[in-house]
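Colleague: I would like a close look at one part of this model, worked through in a single connected answer. Please begin with the chain as a whole and then narrow down.

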Amino acid sequence: MSKVGVIGDKDSIMGFLALGMDTFPAYEPDEIKKTIHRMVEDGYAIIYITEQASLLAKDFIKTILFRL
């Protein structure tokens with residue numbers, strides 16, 4: 001089965017545990033970037049990012065999207 005994970009602040013992502021998703025609390029842009037890298041290396045098929053976390057790391061996320 002494919003791995004699915006969620007990145008964001010703890011309060012926003014804890015509910016996803018009930019759905020069987022892995023959660024990764026992250027609050028700073030560098031922390032979010034490192035978490036995304038680690039999840040990709042660990043073979044996560046789907047990575048959800050909360051809106052607030054995506055805004056903190058928007059430059060990095062744009063870089064990833066433009067590589068696809």
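What percentage of the contacts in the protein with a separation of 6 or more is accounted for by residues 24 or more positions apart? After that, please take me through the sheet: in what order do its strands stand?

Modeller: This is a predicted model, and what follows should be read in that light. To your opening question, the share is 48%: that is the part of the contacts with a separation of 6 or more that comes from residues 24 or more positions apart. The chain behind that figure contains 4 helices and 3 strands, and from the N terminus on these elements follow one another as β-α-β-α-β-α-α. The radius of gyration is 11 Å, close to the 11 Å given by the globule rule for 68 residues, so the protein is as compact as a globular protein of that length. Taken along the principal axes, the box filled by the C-alpha atoms is roughly 30 × 25 × 15 Å. Of the 68 residues, 29% count as buried, while the accessible surface comes to about 4,900 Å², with 56% of it belonging to carbon and sulfur atoms.

Now to the sheet itself. The 3 strands form an open sheet in the order β2-β1-β3, and their pairing is parallel. The edges are taken by β2 (22–25) and β3 (44–49), each of which has a single partner strand, so one side of each is left without a neighbour in the sheet. On average, and with direction ignored, neighbouring strands are turned by 25° against each other.

The two pairings can be followed from β1 outwards. On one side, β1, which covers residues 3–8, pairs with β3 in the parallel sense over 5 bridges, and within this pairing K3 stands opposite Y44 in β3. On the other side, β1 and β2 pair in the parallel sense over 4 bridges, and here V6 stands opposite T23 in β2.

T23 deserves a closer look, since this residue of strand β2 also reaches beyond the strand pairing in its contacts. Leaving aside neighbours within four places in sequence, T23 is in contact with V6, I13, M14, F16 and L17. Its relative accessibility is 18%, and because buried means under 20%, T23 counts as buried. Before β2, in the loop that joins α1 (10–13) to this strand, sits G20, which is exposed, with a relative accessible area of 60%. G20 and I32 are 12 residues apart in sequence, yet their C-alpha atoms lie 21 Å apart in space.

At the other edge, Y44 gives a comparable point of entry. Beyond neighbours within four places in sequence, Y44 contacts K3, V4, G5, D22, F24 and M39. Y44 is also one of the 11 residues of the largest nonpolar core, whose other members include I7, F24, I36, M39 and F60. Helices α2 (29–41) and α4 (58–67) each supply at least two residues of this core, and the largest share, 3 residues, comes from α2. K33 lies in that same helix, α2, but is partly exposed, at a relative accessible area of 37%. From K33 to A53, 20 residues apart along the chain, the C-alpha separation is 10.0 Å, and A53 is itself among the core residues.

Finally, the chain after β3 leads to T50, which is placed in the loop between β3 and α3 (51–56). With 15% relative accessibility, T50 counts as buried. Not counting residues up to four places away in sequence, T50 touches I7, G8, D9, S12 and I13. Among these contacts, I7 is a member of the largest nonpolar core, and I13 is also on the list of contacts of T23. Taken together, the sheet has β1 between its two edge strands in the order β2-β1-β3, and the examples T23 and T50 are both buried.

Notes
Residues are numbered from 1 along each chain as its sequence is written. This is a predicted model: local features need pLDDT of at least 70, side-chain atom pairs count only at pLDDT 80 or more; totals for chains, interfaces and linings use all residues. Side-chain values use heavy atoms; hydrogens and water are left out. Two strands pair if DSSP finds at least two bridges between them. Axes are lines fitted to C-alpha atoms, for helices over the stretch in contact, and angles run from 0 to 180 degrees between N-to-C directions. Buried means under 20% relative accessible area, exposed over 50%, partly exposed in between (1.4 Å probe, protein chains only). Contact means heavy atoms within 4.5 Å. A nonpolar core is a set of buried Ala, Val, Leu, Ile, Met, Phe, Trp, Tyr and Cys residues joined through side-chain atoms within 4.5 Å. The radius of gyration is taken over C-alpha atoms; the globule rule is 2.2 Å times the number of residues to the power 0.38. Accessible areas come from the Shrake-Rupley method with a 1.4 Å probe; for residues, only the protein chains shown count as cover.
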